[in-house]
Structures are given as C-alpha cells and as structure tokens.
Amino acid sequence: MAVDNVDVLVEDVVKPENLVYRRPSTLLDVELHYCPGCGHSTVHKIFMEVVEEMGIQNDIIGVAPVGCAVFAYNYMDVDMQQAAHGRACAVATGIKRMLPDKFVFTYQGDGDLAAIGGNETLHAANRGENFLVIFINNAVYGMTSGQMAPTTIEGMVTTTSPYGRDPKTMGWPLKFGELIAPLPGVAYVTRQAVNTVQNVRRTKKALQRALEYQKMGLGFCLVEIVSNCPSNWKMTPIESNNYVQNVLIPYYPLGDIKVPEVKK
Amino acid sequence: MGEVKLMKGNEALAEAAIRAGVDAYFGYPITPQSEVIEYLSREATKRTGMVVLQAESEVAAINMIYGAAGCGKKAMTTSSSPGISLMQEGLSYIASAELPCLLANINRGGPGLGTIQPAQGDYFQAVKGGGHGDYRLLVLAPYNVQEMADFVKLGFELAFKYRNPVMILADGALGQMMEKVELPPQEQRVHIEYPWATTGKPKNGERRVITSLHIQPEKMEEINLRLQRKYKQMQEEEVRYQTKNLDDAEYIFTAFGLVSRIAMKAMDLGRQRGYKIGWIRPITLFPFPTKIFAEVAQRVKGILDIEMNSGQMVEDVKLAVSGATRVEFYGRMGGVVPTPEEILENFEKMFIKGE
Ligand SMILES: Cc1ncc(C[n+]2csc(CCOP(=O)(O)OP(=O)(O)O)c2C)c(N)n1
Ligand code: SF4
C-alpha cells in the first residue's frame with residue numbers, strides 16, 4: 001500500500017490508547033548491544049522502570065562487572081561503576097559503606113557471581129551488606145561465547161562440556177540463592193524469570209520489593225533471574241524461552257526462597 | 001611542635017590515617033603489618049567515624065577500595081607481599097579508571113610464602129606497574145617511623161592530585177620498630193563532591209561512569225596516552241630524594257628505605273677510613289630521581305647500590321647514569337638485613353682493592 005500522508009498515519013499510531021511500549025526515562029535512548037531476544041535487555045528495561053517509578057534515579061549507584069552486561073552503564077541512566085570479573089559485591093560494599101543513604105545494586109552473571117566471585121558474593125551476603133544483587137542466571141558464560149558456568153545444568157552441552165555437563169568431574173549446578181538464604185545477613189532471596197509476560201511482571205515486582213527492603217535497611221537482597229542466551233544456546237529467541245520454561249525452571253524453580261518479616 | 005609519641009611504624013601509619021581524616025580502610029591481616037588493621041579497629045571509628053572493615057581477602061579489599069574511591073572518598077589499605085600480589089588486578093583497574101587511593105606494602109621476604117622478616121624484593125612489582133597493562137603507581141619509600149606517618153597525608157595529596165594509586169613501600173622492620181614520631185594534628189573528615197565521583201546522578205547533569213573498559217583500540221590508546229602524560233608530569237613535579245656528602249664525594253652509596261640508614265652508617269665508617277663517600281636516598285621510587293644520579297655520575301668513580309633483594313633498584317640507577325660511571329650492587333635476600341661493616345667490606349673489595 002502506498003502511503004501519501006505519513007504524518008496522518010503516525011498521528012494515528014501514537015495515540016495514547018494505542019501505546020504498547022514506552023521507554024522509561026531512566027533508560028538511555030541508544031541501541032542495545034545484546035543479541036536479539038536476550039533476557040538482559042528485558043531486565044534492563046524493567047529495572048529502569050522500577051528506578052523511574054520509585055523516583056530514585058539520582059540516589060542510586062550501580063555496579064556492572066565483567067560479563068555480557070558490563071556495558072549496562074551505556075544504557076542505564078544512573079551513576080555506575082564497572083567492576084573486575086567477580087568483584088561486584090566487593091565494589092558495591094565499598095560504595096554502600098561510603099554512601100549508606102544511597103541505593104546500591106550490582107548486576108551480575110552466573111559466572112561472575114557464583115564462580116570467580118563466589119567468595120565476594122558469599123561474604124557480602126554474610127555481612128548483610130544492604131544492597132541489591134541482580135543475578136542473571138543464563139546457565140552459560142555468555143560474553144566469552146558459551147563455556148560452562150557454575151549454573152550449567154546436568155547434561156547441558158556447552159563449549160567446555162561438549163558431551164554434556166558430567167557432575168562427577170565437573171561438579172553439580174550451583175544453586176547460589178539456596179546456598180546463602182539461611183545466612184542471617186540475607187534479607188530476601190527470590191528466583192524469577194523473564195521468558196513470559198507474566199514472569200516479567202513478577203520479576204519487576206521482585207526488583208521493586210528488594211529496593212524497598214534496602215530502603216528499610218534489612219540487608220542483602222538477591223533477585224535471581226533465570227534468563228536465556230539464544231546465541232550461545234544456538235536457539236531462536238522463542239526456542240530459548242521454551243528451554244527456560246521446560247528445562248531450566250524445573251531445575252531452578254521460581255518463587256521466593258526467603259522473605260523478610262516486615263512490621264507494618 | 002605536635003604531639004610526640006614512641007610508636008611502631010605500623011601504628012604510626014594507622015594513627016596518621018585517622019588524623020588525616022581518611023574515610024575508609026579495607027584490609028586483610030598479614031604479618032608483619034597486622035597492627036595497622038588492629039590499631040584502626042580499636043581507634044578509628046570511635047574517633048572519626050572512619051569505616052574500618054576486615055575484608056574476606058586482599059582481592060576483596062582492593063575492590064572495596066575501588067568502590068569507595070569511586071565515590072570520591074579517601075580509601076586505603078595495607079598489606080604485605082603475598083597480599084599485595086593478590087591486589088595487582090584491582091590496582092590495574094584502579095589505575096586505568098583513574099581513582100585515587102593509598103596502599104602500603106610492608107614488604108617481607110619472598111618469593112612464595114617466604115618469611116615474615118624485612119625485605120625489598122617487591123621493588124619491581126611496586127615501581128614497574130605490578131599488574132597487567134601500562135600503568136604506574138606513585139611509590140614513596142619511608143626510611144623511619146616519622147615518614148611512615150608523614151607519607152599518609154602526602155600520599156593522599158598525591159593520589160588526589162593525579163587520581164592515581166599511591167603506594168608506601170616499606171618493609172617489615174620499618175613496620176615493627178619503635179621510634180619517636182611527631183604526629184600531625186587531627187583533620188576533619190570532609191565530603192567533597194568531585195565531578196567524576198559516583199554519588200548518584202546529578203539532578204541537572206550527566207551520569208558518571210567509572211570504567212576501565214574501552215573496546216575501541218583508538219579510545220584505549222587515548223586513555224594510555226593520558227596515563228603516560230600523567231606519569232611524565234609526576235617525573236617533572238614529584239621527584240623526591242635526600243643526599244649527604246655529595247660535595248667532595250668520589251663514591252656514592254645509594255639505597256632506599258631501611259637500608260639507606262645502614263648505608264649511611266657504612267658511609268660514616270668509610271669516611272673514618274678516608275674514603276670520600278656520598279649518599280643518595282631515593283624517596284620517590286616512581287618517579288625515580290634520575291637526574292641526581294645522572295649528575296653525580298659525571299664526577300664520581302663509582303656508585304654502590306645496596307638493597308635487600310637480588311638487585312632491583314640498581315637497574316634504575318644504571319638507566320639513570322647510562323654508563324657514565326661504574327655501578328655495583330650489594331644485597332642480601334630472604335629477610336637478611338646487611339650490616340654497615342659488610343657493606344663497607346664489599347665496597348672495599350669492589351672499588352678499592354680492585355683499583
Ligand atoms: C579475571 C578474568 N578472568 C576471565 C575473564 C573472561 N571473562 C569475561 S566474561 C566471562 C564470563 C561471563 O559469564 P557470566 O558472568 O555468566 O555473564 P554473561 O556474559 O553470561 O552475562 C569470562 C570468563 C575476565 N574478563 N577476567
Ligand atoms: S551472548 Fe547470550 S547473554 Fe550475551 S547478549 Fe548474547 S544472548 Fe545475551
């Protein structure tokens with residue numbers, strides 16, 4: 001169909017009642033480098049929506065360690081520090097101890113959080129550091145092109161487990177949330193996903209709750225998000241979301257693992 | 001005159017940190033410098049509100065420094081050789097992201113777990129970068145307990161002037177020995193808003209990003225060039241050293257830190273025997289006092305460099321004199337401290353009897 005009057009058409013489309021997507025003001029208007037269909041993009045968007053809705057853009061500092069999301073600071077319009085691989089929780093400790101009245105978050109992959117940075121994560125949790133850890137569990141090392149992660153599930157093929165992960169020699173997939181939940185310093189541990197619209201909504205709610213707990217000074221909050229890596233899983237985005245649903249979530253069940261008692 | 005006390009080097013450094021209004025100390029115990037974190041744990045928070053945190057490792061400690069320094073705060077750590085090795089990755093990030101901080105290495109004997117006795121085997125690691133990539137620390141070498149205290153304030157001034165990590169390179173003996181020290185007055189902790197510091201995006205300004213990641217080679221080269229310009233400026237403005245008896249000197253004894261005191265004694269003994277010996281003590285190891293060595297090299301018969309290692313600073317001395325005079329080395333390793341007598345004896349063997 002040839003369109004003579006584009007302006008009229010655009011006006012028609014941008015009517016508020018037709019709006020299906022709006023970029024939060026806290027997310028910069030630039031192209032994301034993430035692969036098509038990658039969960040990182042979704043999490044960035046909903047987290048920045050939370051920051052916008054809570055009105056805390058000027059009071060939050062983020063830490064982006066090495067991993068696919070190391071460039072989070074190119075998208076999130078908040079003050080940010082890039083961290084060495086695995087050291088996000090130590091860097092966040094330094095920030096939060098200096099600026100206890102500000103919100104602080106880290107945004108970490110599974111390799112970063114549970115392998116090379118396992119010690120930093122564990123001890124920040126055990127000290128009850130009052131910040132939010134957003135933990136993207138995509139069961140592989142995304143940035144370095146698909147090696148085995150601590151969260152790679154049994155039998156899963158990666159470039160360094162080409163015959164499938166064999167727990168006898170490669171260890172078992174690590175459930176870091178369950179591992180730290182019993183620690184007294186840990187306030188909130190939840191596992192969510194972004195593979196369906198409903199799950200995206202739930203994840204957003206969890207992120208908001210975690211920031212509210214931080215405001216109350218309750219301690220360490222971990223929001224694990226079971227995510228996808230279509231590129232390294234060698235799947236289409238839809239196939240990868242189905243894989244999350246049918247293979248990963250059964251091993252990593254969604255829901256709250258620890259919730260603080262909040263006096264109303 | 002300020003308050004005078006008899007203190008261990010490590011304690012003087014800790015006390016000076018409190019008095020300099022330092023905001024945070026993150027560290028991990030290791031001999032021979034654990035007195036620093038013990039002293040601060042006892043004294044600092046109650047006196048100034050300074051944050052003192054025992055980290056889970058030196059790896060964590062240096063990254064806590066990164067976070068705190070990134071907020072524009074005065075953050076420091078101390079350790080000894082194996083712990084400093086663990087901090088190298090973090091220091092490389094800090095140098096690249098151009099954050100100010102202070103650390104002290106109370107050098108012990110190595111390699112490996114080594115010994116807890118004093119040594120200077122970490123000179124190369126301190127002055128040549130230490131971690132990956134082209135970067136430098138500004139390195140101060142105290143030679144008594146007074147300087148262990150004085151270099152804290154100076155170190156932070158330089159760290160913030162250049163937005164670069166500054167290292168105090170001392171050794172186990174300087175950390176452990178007690179001497180009289182005149183303490184500086186107590187300064188208030190003040191919060192300064194730096195335009196580069198991440199304290200929450202300004203309401204009417206751009207967000208701040210602290211990073212060492214620059215994927216574009218041209219951009220990364222630009223960062224490197226900026227760092228190199230900074231190091232050049234340090235070479236022009238920050239060189240510090242001390243000399244004695246240079247006027248009539250035919251020979252020079254040079255050493256840094258604790259050994260420079262022993263070398264001074266050896267010089268005195270030598271002068272009693274009629275040898276015209278002068279003395280140069282580099283105080284900044286990076287930037288190295290190149291010019292003074294180049295100058296004296298024109299008029300002396302030789303330089304003896306003495307260190308508690310296998311010969312590290314001597315390479316910088318040789319670079320400085322560039323063949324203009326003879327440079328010899330005498331050293332002890334693994335925690336053994338040389339005596340003035342053995343230094344003089346070796347000097348005689350090398351320069352007098354061979355003449
Ligand atoms: C000290 C160090 N070791 C290894 C690397 C290489 N490296 C970069 S990202 C990465 C894994 C990232 O995986 P993950 O944390 O799961 O994040 P994702 O990319 O999947 O989001 C590795 C091993 C590095 N940058 N630094
Ligand atoms: S490699 Fe995987 S995790 Fe990284 S952006 Fe692509 S899909 Fe996402």
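## Polar contacts of ligand 1

Which atom of A:Gly111 lies 2.9 Å from an oxygen atom of ligand 1? In this predicted model, the partner that A:Gly111 offers to that oxygen atom is a polar backbone atom. Backbone atoms of chain A also approach ligand 1 at two further residues: a backbone N or O atom of A:Gly142 is 2.7 Å from an oxygen atom of the ligand, and a backbone N or O atom of A:Val140 is 3.3 Å from an oxygen atom of the ligand.

Considered alone, ligand 1 would expose 590 Å², and the protein buries 77% of that area.

## The shell around ligand 1

Ligand 1 is placed between chains A and B, and 17 residues surround it, of which A:Cys68, A:Asp110, A:Asp112, A:Gly142 and A:Met143 come nearest. By class, this shell is made up of six nonpolar, eight polar and three charged residues.

Two elements of chain A, α4 (110–116) and β5 (140–141), are those that give two or more residues to the shell, and α4(A) gives the most, with four residues.

## B:Gln88 in chain B

B:Gln88 belongs to helix α5 of chain B, which spans residues 88–97. With a relative accessible area of 7%, B:Gln88 counts as buried, because that value falls under the 20% cut-off.

The side chain of B:Gln88 reaches the backbone nitrogen of B:Gly131 at 3.2 Å. Apart from neighbours within four places in sequence, B:Gln88 is in contact with B:Gln125, B:Gly129, B:Gly130, B:Gly131 and B:Tyr135, so B:Gly131 appears both in this list of contacts and as the partner of the side chain.

Note on methods: Residues are numbered from 1 along each chain as its sequence is written. Chains are lettered from A and ligands numbered from 1 in the order in which they are written. This is a predicted model: local features need pLDDT of at least 70, side-chain atom pairs count only at pLDDT 80 or more; totals for chains, interfaces and linings use all residues. Side-chain values use heavy atoms; hydrogens and water are left out. A residue is near a molecule or strand if one of its heavy atoms lies within 4 Å of it. A polar contact is a pair of N or O atoms within 3.5 Å; within protein, one must be able to donate a hydrogen and the other to accept it, and residues adjacent in sequence count only if both atoms are side-chain atoms. Accessible areas come from the Shrake-Rupley method with a 1.4 Å probe; for residues, only the protein chains shown count as cover. Ala, Val, Leu, Ile, Met, Phe, Trp, Tyr, Cys and Pro count as nonpolar, Asp, Glu, Lys and Arg as charged, and the others, Gly among them, as polar. Buried means under 20% relative accessible area, exposed over 50%, partly exposed in between (1.4 Å probe, protein chains only). Contact means heavy atoms within 4.5 Å.
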